[in-house]
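Hi everyone, and thanks for coming. I'd like to walk you through a protein structure today, so please have a look at it on the screen before we start.

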Amino acid sequence: MNDMTPFVSKPKDWETDQEVRWCPGCGDYAILKAVQRTMPEIGGRPENTVFVSGIGCSSRFPYYMETYGFHTIHGRAPAVATGVKLANPELDVWIITGDGDALSIGGNHTMHLLRRNLDCQVLLFNNEIYGLTKGQYSPTSRIGTRTPSTPLGSVDRPANPCAFALGAGARFVARGIDVHKRLPEVLKAAHAHKGTGFVEIFQNCIVYNDDVFAPFTERANAAGAQLWCEQGKPLLFAGGAQGLALDTERLVLKVVDVVDGDWQAAGVLVHDVRNRTVAHLLVEMPFGAFPMALGVLFDDPAPTFESAVVEQNRQASLGKRPELQKLLSQGQTWQVDKQPHVI
């Protein structure tokens, strides 16, 4: 028998013939391209891949990926994705959601997906607004945000997606930016993680919340406002001139200056993706006084939900033979002996 030639895909193989329909300039375009570039690099196969979405601008995503896909109902993508993974654990399942879809009506489903640790990737597009329904404030909108539903400014305290994920027991938490060149490496890290890979992606809504992330996404601000976390490397930013150290008296992070590149002398922490405590500190840092923490913030694998279900079913079936008739006949059954009387 001749050896089969391994399938090697190209980004074009992941594109459909559907017209991509988002607002011109929307950050979703950049995320779509990043995912399509990433799939060949992780050895993905379209016939083995499923994209599941809920409701919102981001939820058009499955139409544009040449894979299997489900465009489900508001907030329920995790439930559908769980069913897909349990039915066929070999499938590569991706969940596409937004800040409103995942953290409002879908908050309960998102929480249980994370604590169960289903082996899938969750890409949460966070634009801090309800874009599809014309600009109402969302669970992640900042205090004071003026929208059609909060004309005087929102008084809600915003949800922090990564803090929510860590609190729900997520084993992988990361952040990226829609147009940043390093987004694919974050996606690859999430895919390499065995379990639920939760990735918050800051996504610009050019119509209803334009430039809300500009203080740390604009090129002029990036160096001093972005902290890209890498395993085993010091938590440095501003071109290495500043870093994060631990205030041992108050047990909080603090910004320190680094002189002549000597970050050890400044007490700068080395990033350990398995340290959940530091991950909590990183995602809770108030932006402005601190940079925005990006990249892989936490990565500590644990047994997956579907592997436990499969093993439980295997144990339950040991020594048993499937007999349909016996199954149908057990318990209370009735047998009709006479023909029904017809009037």
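Let me begin with a small hunt: where is the place of isoleucine 206? You'll find isoleucine 206 in the loop between strand 6 and helix 7. With a relative accessible area of 34%, isoleucine 206 is partly exposed. Together with Val207 and Tyr208, Ile206 makes up a nonpolar patch on the surface, and the three share about 230 Å² of accessible area. Keep in mind that this is a predicted model.

Now let's step back and take in the whole protein. There are eleven helices and eleven strands. Along the principal axes, the C-alpha atoms fill a box of roughly 95 × 50 × 50 Å. The protein has 343 residues, and 45% of them count as buried. About 18500 Å² is exposed, with carbon and sulfur atoms supplying 54% of that area. Here is a nice one about the fold: take the contacts between residues at least 6 apart in sequence, and 66% of them join residues at least 24 apart.

What about the inside? In soluble globular proteins, nonpolar side chains tend to be buried together. In this model, the largest nonpolar core has 43 residues, and Val173, Phe198, Leu244 and Leu282 touch the most other members. There is also a second, separate core of 36 residues, with Ile31, Met65, Val186 and Leu187 among them. If you zoom in on valine 173 and skip its neighbours within four places in sequence, its contacts include Cys162, Leu166, Phe198 and Phe298.

Next, please find helix 2, residues 77–87. Which of its residues are buried? They are Ala77, Pro78, Ala81, Thr82, Val84 and Lys85. These residues cover an arc of only 165° around the axis, so they sit on the same side of helix 2. And what do they pack against? Their partners are strands 1, 2 and 3, along with helix 4 and helix 10.

On to charges. Side chains of opposite charge can pair when their charged atoms come close. A search of the whole structure turns up 16 salt bridges. One of them joins glutamate 41 and lysine 188, whose closest N and O atoms are 2.6 Å apart. That pair links distant parts of the chain, since glutamate 41 is in helix 1 and lysine 188 is in helix 6, 147 residues apart. Another salt bridge brings together glutamate 128 and arginine 142, at 2.8 Å from N to O. Both lie in the loop between strand 4 and helix 5, so this pair ties together parts that are 14 residues apart in sequence. Glutamate 128 is buried, at 8% relative accessible area, while arginine 142 is partly exposed, at 36%. There is a network of salt bridges too, linking Arg182, Glu185, Glu230 and Lys233.

Let me finish with two backbone oddities. Most residues other than glycine have a negative phi. Asparagine 117, however, has a positive phi, near 65°. Asparagine 117 lies in the loop between helix 4 and strand 4, and it is buried, with a relative accessible area of 3%. Aspartate 211 also has a positive phi, near 65°. Aspartate 211 is in the loop between strand 6 and helix 7, where it is partly exposed, with a relative accessible area of 43%. That loop is where our hunt began, with isoleucine 206. Thanks for listening!

Technical notes. Residues are numbered from 1 along each chain as its sequence is written. This is a predicted model: local features need pLDDT of at least 70, side-chain atom pairs count only at pLDDT 80 or more; totals for chains, interfaces and linings use all residues. Side-chain values use heavy atoms; hydrogens and water are left out. Buried means under 20% relative accessible area, exposed over 50%, partly exposed in between (1.4 Å probe, protein chains only). Helices (H or I, at least four residues) and strands (E, at least two) are DSSP runs, numbered from the N terminus. The arc is that of the directions from the helix axis to the C-beta atoms. Contact means heavy atoms within 4.5 Å. Patches are made of residues with over 30% relative accessible area and no salt bridge: like charges are joined within 9 Å, nonpolar side chains (Val, Leu, Ile, Met, Phe, Trp, Tyr) within 5 Å. Accessible areas come from the Shrake-Rupley method with a 1.4 Å probe; for residues, only the protein chains shown count as cover. A salt bridge is a side-chain nitrogen of Lys or Arg within 4 Å of a carboxyl oxygen of Asp or Glu. A nonpolar core is a set of buried Ala, Val, Leu, Ile, Met, Phe, Trp, Tyr and Cys residues joined through side-chain atoms within 4.5 Å.
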